[in-house]
There are 2 protein chains.
Amino acid sequence: MNSAASNELKSPLEKISKEETLRLRDIHIGKNCTVFFKSSGALKIVRGEKQYLFDENNVPFLDCINNVAHVGHCHPHVVDAGHRQMQLLSTNSRYLHDNLVLYAQRLQRYFPPQLSVVYFLNSGSEANDLAMRLAKAKTGNKDVICVQGAYHGHLQSTVSISPYKFNRIKGYKQKKSVHVAPLPCSYRGKYQRSQIKDESVDIGKLYADEVGAIIENLRSNQRGLACFICESLVSCGGQFPLPQNYLKYVYQYVREAGGVCIADEVQTGFGRVGSEFWAFRLQDVVPDIVTIGKPIGNGHPIACVVTTQEIARAFEAQGAEYFNTYGGNPVSVAIANAVLDVIENENLQQHALDVGQYLIEELCKIQRRRPLIGDVRGTGLFVGIDLVKNRVTKEPASDEALYVSRRFKEEHCLVSTEGEWNNVLKLKPPMVFTKANVDTICELLDKFLEELTHPNEV
Amino acid sequence: MNSAASNELKSPLEKISKEETLRLRDIHIGKNCTVFFKSSGALKIVRGEKQYLFDENNVPFLDCINNVAHVGHCHPHVVDAGHRQMQLLSTNSRYLHDNLVLYAQRLQRYFPPQLSVVYFLNSGSEANDLAMRLAKAKTGNKDVICVQGAYHGHLQSTVSISPYKFNRIKGYKQKKSVHVAPLPCSYRGKYQRSQIKDESVDIGKLYADEVGAIIENLRSNQRGLACFICESLVSCGGQFPLPQNYLKYVYQYVREAGGVCIADEVQTGFGRVGSEFWAFRLQDVVPDIVTIGKPIGNGHPIACVVTTQEIARAFEAQGAEYFNTYGGNPVSVAIANAVLDVIENENLQQHALDVGQYLIEELCKIQRRRPLIGDVRGTGLFVGIDLVKNRVTKEPASDEALYVSRRFKEEHCLVSTEGEWNNVLKLKPPMVFTKANVDTICELLDKFLEELTHPNEV
């Protein structure tokens with residue numbers, strides 16, 4: 001290898017060569033901060049625009065996974081709003097500022113009226129941590145119920161309620177105050193639609209009853225329930241919607257036990273599911289606390305906890321100030337406000353509905369001829385493709401999923417895998433994703449599955 | 001009151017009147033998210049520049065407390081760097097990017113060589129949470145020693161090691177795994193220089209021996225030590241430097257017990273103390289983990305954990321990925337890099353040393369004629385003025401401190417109070433604070449103390 005050539009800069013947007021970037025990363029960045037496609041060749045990305053990321057050779061990659069760049073990478077309206085406010089003021093919320101209260105008021109209009117108090121933070125992890133604190137303040141209890149496959153953040157407290165994460169930590173001891181309900185998935189969980197043929201059986205209620213049993217068990221052990229927390233669609237756990245009626249019954253059981261219901265909308269909010277602005281609405285429930293993050297600032301570090309006056313008062317009654325240095329600073333909130341502008345002005349929720357429906361339809365067509373696709377699921381631009389070696393046993397086709405995601409990368413599309421066995425292809429692109437983009441990835445997917453079916457002919 | 005008049009906008013930078021801002025805040029923001037000067041009249045701030053904040057009437061307030069706006073509010077070099085990067089790319093660190101690794105490399109040059117691995121996060125709270133996780137991964141132990149008066153953040157995990165915070169939460173039960181060492185303050189703690197006249201007695205060692213006793217106690221109870229965490233100057237707890245030799249002995253005891261030493265530099269880093277870039281250097285020690293935040297991004301949400309390869313490897317060995325969605329995104333890091341540019345180009349560390357020395361000298365002059373000032377302490381632009389009713393008993397003069405901070409506000413200077421009794425006037429201004437600013441506040445302080453001494457003559 002010609003090392004002089006490899007150290008050449010490929011783009012005016014590079015300061016050092018890709019080789020050097022890799023070398024410094026190896027020295028200074030923790031190795032469990034992983035890089036996509038490390039083994040097949042990490043990508044160096046220097047620019048983003050709409051649903052595209054560009055590498056140092058100015059090659060565009062179709063971004064099918066970045067739900068953070070919600071309204072598209074580097075949306076000029078969002079960038080301008082941030083820039084204008086950065087020039088004027090960025091300070092903490094101990095001073096009055098219009099941005100903070102106007103955004104809180106605007107955000108509240110997207111929620112049922114009882115969810116009227118907003119806390120501002122910097123990340124979804126911080127939001128879920130605060131949500132638990134609020135629930136504990138409200139109930140005086142400590143016990144938390146989460147679901148198998150859940151991911152709620154990288155903090156100690158949120159890892160403790162994230163089986164998707166803590167099951168991968170060697171020697172991790174599950175907290176006594178954390179209780180894990182079965183994965184509420186009708187394709188792959190304890191109760192599967194393929195096994196329960198009788199359509200009158202309510203699978204959502206079967207899964208909810210599992211939560212009920214945990215609550216019953218807590219009661220018989222004289223333990224009080226603080227809260228139940230669940231992503232409104234399970235994300236890292238395998239990209240699946242909750243079975244119908246699940247939250248309706250769970251919330252009933254939790255409230256009967258005096259607990260608080262938390263909806264984690266960090267990955268699912270802001271119109272992504274198309275038919276609703278928040279994914280919990282798909283279940284026809286009203287949570288007591290909703291946490292929002294990722295898409296809220298299109299990549300800028302901001303998150304919120306939205307709750308009721310009653311819960312806010314219980315938190316206040318503890319007597320201590322809640323202060324978050326950066327939380328709700330005028331720049332973060334200006335950016336979040338601009339994101340809402342774009343969602344509204346560009347009609348992105350309706351767009352997610354239309355493109356998402358088309359995506360599901362096209363994927364289902366492929367599924368009919370490709371036995372590797374066990375399940376196509378999701379809503380709006382939140383879709384999972386569950387690859388299986390066998391449609392009856394549903395044995396996860398993990399190697400095949402890895403192959404497909406690598407081939408996508410070679411064809412300049414970014415698609416990654418999720419779920420316990422990393423066999424679920426994840427699609428949650430920026431909301432500006434088009435039907436033409438759908439055609440591109442469906443055509444490629446079909447081709448890659450053909451390659452897997454007839455490997456020798458490739 | 002003329003309500004029409006009160007709803008008038010005073011500034012083109014306002015979108016709603018101050019009255020309306022207050023009204024909406026009351027509805028939508030949790031009441032334990034407190035506002036400065038609530039009872040004497042909250043401030044609405046619409047603009048910031050250098051060490052000044054401007055209210056809706058365009059009245060400048062001299063900012064003596066905002067250590068986050070480290071290089072001055074809205075510094076154009078920092079704003080430009082953020083804006084340029086926002087236009088290009090803001091995505092997560094699973095793709096290679098020059099900003100991340102170049103900043104990590106640059107930051108490392110400010111540390112001893114063994115502190116070479118950097119984790120990127122969004123807040124000081126997140127940083128302290130991760131620091132504890134790293135310590136637990138390294139040692140396999142859970143117990144943490146912190147100090148009385150400590151504040152390490154707003155998360156559940158960081159509140160649990162923040163006596164300054166948890167002592168104010170009604171019914172809070174201290175965790176069994178958290179052990180609080182006495183406030184290491186030679187003015188107000190268990191061992192006071194005013195009581196131990198023999199200068200040969202090492203007060204730092206006396207306080208360190210208290211930590212040693214906790215470790216001894218852990219050992220006899222078969223409990224293992226994960227870490228000792230301490231702000232390098234105690235901030236909320238009363239704005240005081242650690243006694244000489246304190247950390248040297250503490251680190252020795254902690255390491256003998258197999259524990260990890262964490263320096264919380266969130267409030268004290270980046271040259272604020274003048275003579276050193278990091279405040280832990282004042283104690284001539286090398287921590288195993290350093291957490292940095294607030295000043296790092298001049299208000300933009302970013303924080304870092306800096307540690308050794310050995311500790312990073314122990315974290316990696318747990319087998320799970322560490323992923324922080326916004327952590328180390330190219331915009332946050334571009335901003336942090338620009339902050340370092342300004343600190344270097346404007347020679348702000350030396351400036352903090354010069355202005356800080358002048359500040360302490362001028363305050364000591366006032367102390368000589370004002371018995372209310374019990375103690376003037378600090379280093380660089382991190383200064384505390386401990387007001388007492390009686391110099392011998394050191395009874396905290398809390399009401400007087402509140403009076404002084406309100407009077408400062410009336411004269412358009414922002415000074416707040418800290419410490420268990422809120423009797424310590426806090427000065428940690430943006431680093432561009434000048435000697436003329438020092439003259440302003442010293443003149444005012446003297447006047448306010450005169451008012452307190454002869455209240456009838458005011």
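## Starting at A:Glu410

Let us begin our tour with A:Glu410, which sits in helix α14, residues 398-410 of chain A. Keep in mind as you look around that this is a predicted model. Is A:Glu410 buried, partly exposed or exposed? With a relative accessibility of 48%, A:Glu410 counts as partly exposed, because the exposed class begins over 50%.

Now look for A:Gly41. Along the chain, A:Glu410 and A:Gly41 are 369 residues apart, yet their C-alpha atoms are separated by 10.0 Å. It is a good example to try in the viewer: find both residues in the sequence, then find them in space.

## Chain A as a whole

How many helices and strands does chain A have? The count is 15 helices and 17 strands. The radius of gyration of chain A is 23 Å, close to the 23 Å that the globule rule gives for 458 residues, so chain A is as compact as a globular protein of that length.

You can also describe the chain by its extent: along the principal axes, the C-alpha trace of chain A spans about 65 × 60 × 45 Å. Of the 458 residues in chain A, 66% are buried.

Here is another pair to find in chain A. A:Thr434 belongs to the loop between β17 (424-427) and α15, and A:Thr434 is partly exposed at 27% relative accessible area. From A:Thr434 to A:Cys364 there are 70 residues in sequence, and the distance in space is 18 Å from C-alpha to C-alpha.

## Salt bridges, one by one

Charged side chains come next. Over all chains, the count comes to 54 salt bridges. One of them joins A:Arg370 and A:Glu450, with 2.8 Å from N to O. Why does this pair tie together parts of the chain that are 80 residues apart in sequence? A:Arg370 lies in the loop between α13 (348-369) and β13 (373-379), while A:Glu450 lies in helix α15 (residues 435-453), so the bridge links these two places in chain A. The partners also have their own surroundings: A:Arg370 is buried at 11% relative accessibility, and A:Glu450 is partly exposed at 29%.

A second bridge in chain A pairs A:Asp375 with A:Arg377, and their closest N and O atoms are 3.1 Å apart. Are these partners buried or exposed? A:Asp375 is buried, with a relative accessible area of 16%, and A:Arg377 is buried too, at 8%. Both values fit the class because buried means under 20%.

Chain B offers a bridge inside one helix. B:Arg219 and B:Glu216 meet through their side chains at 2.8 Å, N to O. Both residues lie in helix α9 (residues 203-220) of chain B, three residues apart, which is about one turn of the helix. B:Arg219 is partly exposed at 42% relative accessibility, and B:Glu216 is partly exposed at 45%.

Salt bridges can also share partners: A:Arg407, A:Glu410, A:Glu411, A:Lys447 and A:Glu451 are joined in this way into one network. That brings us back to A:Glu410, our starting residue in helix α14.

## A patch of lysines

Which residues form a positive surface patch? They are A:Lys142, A:Lys173, A:Lys175 and A:Lys176, together with B:Lys142, B:Lys173, B:Lys175 and B:Lys176. Take A:Lys176 as a guide to this patch. A:Lys176 is found in the loop between α8 (163-166) and β6 (178-181) of chain A. With a relative accessible area of 73%, A:Lys176 is exposed.

## Two glutamines with positive phi

Finally, look at the backbone of two glutamines. A:Gln222 is not a glycine, yet A:Gln222 has a positive phi of about 55 degrees. Where is A:Gln222 found? Its place is the loop between α9 (203-220) and β7 (225-231) of chain A. A:Gln222 is exposed, with 72% relative accessible area.

In chain B, B:Gln239 has a positive phi of about 50 degrees, although B:Gln239 is not a glycine either. B:Gln239 lies in the loop between β8 (233-234) and β9 (240-241) of chain B. Is B:Gln239 buried or exposed? At 0% relative accessibility, B:Gln239 counts as buried, whereas A:Gln222 is exposed.

Notes. Residues numbered from 1 in each chain as written. Chains lettered and ligands numbered in written order. Heavy atoms only, no water. Patch = residues over 30% accessible without salt bridge, like charges linked within 9 Å, V, L, I, M, F, W, Y side chains within 5 Å. Areas by Shrake-Rupley, 256 points an atom, 1.4 Å probe, with all protein chains shown as cover. Salt bridge = Lys/Arg side-chain N within 4 Å of Asp/Glu carboxyl O. Lys, Arg positive; Asp, Glu negative; His and termini not counted. Charge placed at Lys NZ, Arg CZ, Asp CG, Glu CD. Helix = DSSP H or I, 4+ residues; strand = E, 2+ residues; numbered from the N terminus. Buried < 20%, exposed > 50% of the residue type's maximum accessible area, 1.4 Å probe, protein only. Rg over C-alpha atoms; globule rule 2.2 N^0.38 Å.
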